[in-house]
Amino acid sequence: MTTGKINVSVENIFPLIKKFLYSDHEIFLRELISNGTDATLKLKHLTSIGEAKVEYGNPIIEVKIDKEAKKIHITDQGLGMTKEEVEKYINQLAFSGAEEFLDKYKDTAKDSGIIGHFGLGFYSAFMVAEKVEIITKSYKDEPAAHWTCDGSPEFTIEAADKTSRGTEIILHIAADSLEFLEDSKIKELLNKYNKFMPIPIKFGTKTEKIEQKKGEFVDSEDKEELFKTVETDNIINNPNPAWTKLPADLTDEDYKNFYHELYPMQFEEPLFHIHLNVDYPFNLTGILYFPKLGSDLQIQKDKIQLYQNQVYVTDNVEGIVPEFLTMLKGVIDSPDIPLNVSRSSLQSDAAVKKISNYITRKVADKLKAVFTENREDFEKKWNDIKIVLEYGMLSEDKFYEKAGAFVLYPTVDNKFFTLEELKEKLAANQTDKDGKLVVLYAANKEAQHSYIEIAKDKGYEVLLLDSPIISHLIQKIEGDNSNLTFVRVDSDHIDNLIKKEETSISKLSEEEQTSLKTVLETIVPKQNYSVQLEALDSQAAPFIITQPEFMRRMKEMSQSGGGGMFGMGNMPEMYNLVVNTNSDLASRILNTEDQAAKESLVTQALDLAKLSQNLLKGEALTAFVKRSFDLIK
């Protein structure tokens, strides 16, 4: 048997890095600044434990463009490297200095914020540069080193005359990457990836006017001369964003200001926020904001930003954040998120599911607290957040379990009930023949106005449930509450569903009712309508169209996300035509001798009922309008 080691050909590594390692060439700037940040934070830690006998000071990272020479300079004031360390960390591909540092100082450096992991970030420079130089001086009392490589396996390393601590990376930009020599492009990348890096980042200068000190200006009536124009460092990032602070140290105004820092083009204020802060069994911080949301499921997602130790990773947080919360906005930051080598996507990992479960639980707990502390305010915000919570109840069992404590069911009259409160309210008056509590609801307050009024006249409570996923949610709630059934107000007539002590008596005899039904069934299209006679109040509408609750609900569920699951897609629309036997029209139809006049009465009444349900369209609507004008001539 023969054993050995696979020999990786270094000659081919740089083309592979350039083409495959990172999905986007612009990542080079994020990686190099992350390296500079690591070098600075390492120095901070070493000085704090007394191992580095130097002054930490107020270090920054600086990015400069030399457009004429086609170079980008990235300079840090971190711990730097000796010649031996350059050979160790730079010349050995994928040797991660950050990982080695954290391992060496694992007891004291676990919260230092050091970013690096794979040891490949530096080589992202070769995606945009034809040559890369490193000029570096260690915090130790050793000579500076100058490393140069042109993208081949060959490099040079020699002494340098650098006297200040830290590292300067010089990128000689390749002909196919000249776009990165534009100020606007670098600003865009810094704002995207490095906006909240923990070390201040300088890019260019800014001018400002400051008041001159006494003796610096001559007496003058020109007020402008009281000031002088100076150039100052242009620090483009916020090293201490709100999510890195404790909730107790932040005001509501701080949270709102940070929201607008994240989304400068968002003018509406968020409804409320949730501050995440956990250190076991994983590290995670962040702030989630509930923006104003309507009832549209096609809301733009990808508004939550994922960071790893304040380094922007992605706005695709699928997996980390439960799907129903991707409609929120904000920031999640965790050093424990398992990312692929380019940090551009998540790796499959059990920790990801734990993080997702934690966020679900934390959000549910916060919603319960907001509801409990100020129910009135929560009710005012309900319509703006309900789509997220209803979606959460459908998609996350853990959220559904907790949702009963704060999810609301509003009525058409703007009263709000929790599910338990609603059950208590209905117990006295709204039960069916089987003893089930009947929850009457409207999906459209305007379109179903007449049905709502009929129900309210009988003393029934009517909910307003108008989200596009309500049919699915109703199914789930009914499945968990066997004593509860939901019925839309324009479904099978409520007098068939609600058990009443008294029933209305029809003006028509049984023989007259049989005759009336026969007349109606010869005129009303059988393929779409089932004729039902009901003894309603004489003031109620003569003809009322309802739809069987089960059929309508299955149709809705099929259309709103169930696909062909219920096999309802091609079924004809079936309705009930409820005819009020106590109406004057019913008696008139029965007593009209002329067949044409009888048919005209039924057709006109049926069209009016269709019109109230928005079912009269096209040619039938045109004919109805013409017929109506003829009647009033």
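This is a short conversation about how some terms apply to a predicted model.

Colleague: What are the ground rules for this model?
Modeller: The model is predicted: local features need pLDDT of at least 70, side-chain atom pairs count only at pLDDT 80 or more, and totals for chains, interfaces and linings use all residues. Residues are numbered from 1 along each chain as its sequence is written, and side-chain values use heavy atoms, with hydrogens and water left out.

Colleague: How many helices and strands does the protein chain have?
Modeller: The protein chain has 18 helices and 21 strands. Both are DSSP runs, numbered from the N terminus: helices are H or I with at least four residues, strands are E with at least two.

Colleague: What makes Phe-196 count as buried?
Modeller: Buried means under 20% relative accessible area, exposed over 50%, and partly exposed in between (1.4 Å probe, protein chains only). Phe-196 has 0% relative accessibility, so Phe-196 counts as buried. Across the protein chain, buried residues make up 48% of the 633 residues.

Colleague: Why is the pair of Phe-196 and Tyr-307 called edge-to-face?
Modeller: Rings of Phe, Tyr and Trp (its six-membered ring) pair if their centres lie within 6.5 Å; planes under 30 degrees apart count as stacked, over 60 as edge-to-face and the rest as tilted. Here the centres are 5.9 Å apart and the planes stand at 65°, which is edge-to-face. Phe-196 lies in the loop between helix 5 and strand 7, and Tyr-307 in strand 11, so the pair ties together parts 111 residues apart in sequence.

Colleague: Why is the pair of Trp-243 and Tyr-307 called tilted?
Modeller: The angle between the planes is 45°, and the centres are 5.0 Å apart, which makes a tilted pair. Trp-243 lies in the loop between strand 8 and helix 6, so this pair ties together parts 64 residues apart in sequence. Trp-243 is buried, with a relative accessible area of 1%. Tyr-307 is buried too, at 1%. Both belong to one aromatic cluster, with Tyr-193, Phe-196, Phe-258 and Tyr-312.

Colleague: How do you know that helix 7 is roughly antiparallel to helix 8?
Modeller: The two helices pack at an angle of about 150°, with their axes 8 Å apart. Angles under 35 degrees count as roughly parallel, over 145 as roughly antiparallel, 65 to 115 as roughly perpendicular and the rest as oblique. That makes helix 7 roughly antiparallel to helix 8. The axes are lines fitted to C-alpha atoms over the stretch in contact, and angles run from 0 to 180 degrees between N-to-C directions.

Colleague: Which residues meet there?
Modeller: Leu-367, Val-370, Phe-371 and Glu-373 in helix 7 meet Arg-375, Phe-378 and Leu-389 in helix 8. Contact means heavy atoms within 4.5 Å.

Colleague: How do you know that the buried residues of helix 10 line one face?
Modeller: Leu-419, Leu-422, Lys-423 and Leu-426 are buried in helix 10. Seen down the axis, they fall within an arc of 100°, so they line one face of the helix. The arc is that of the directions from the helix axis to the C-beta atoms. The face turned away carries the exposed residues Glu-420 and Glu-424. The buried residues pack against elements including strand 16 and helix 12.

Colleague: Is Asn-614 buried or exposed?
Modeller: Asn-614 has a relative accessible area of 55%, so Asn-614 is exposed. Asn-614 lies in the loop between helix 17 and helix 18, with a positive phi of about 60° although it is not a glycine.
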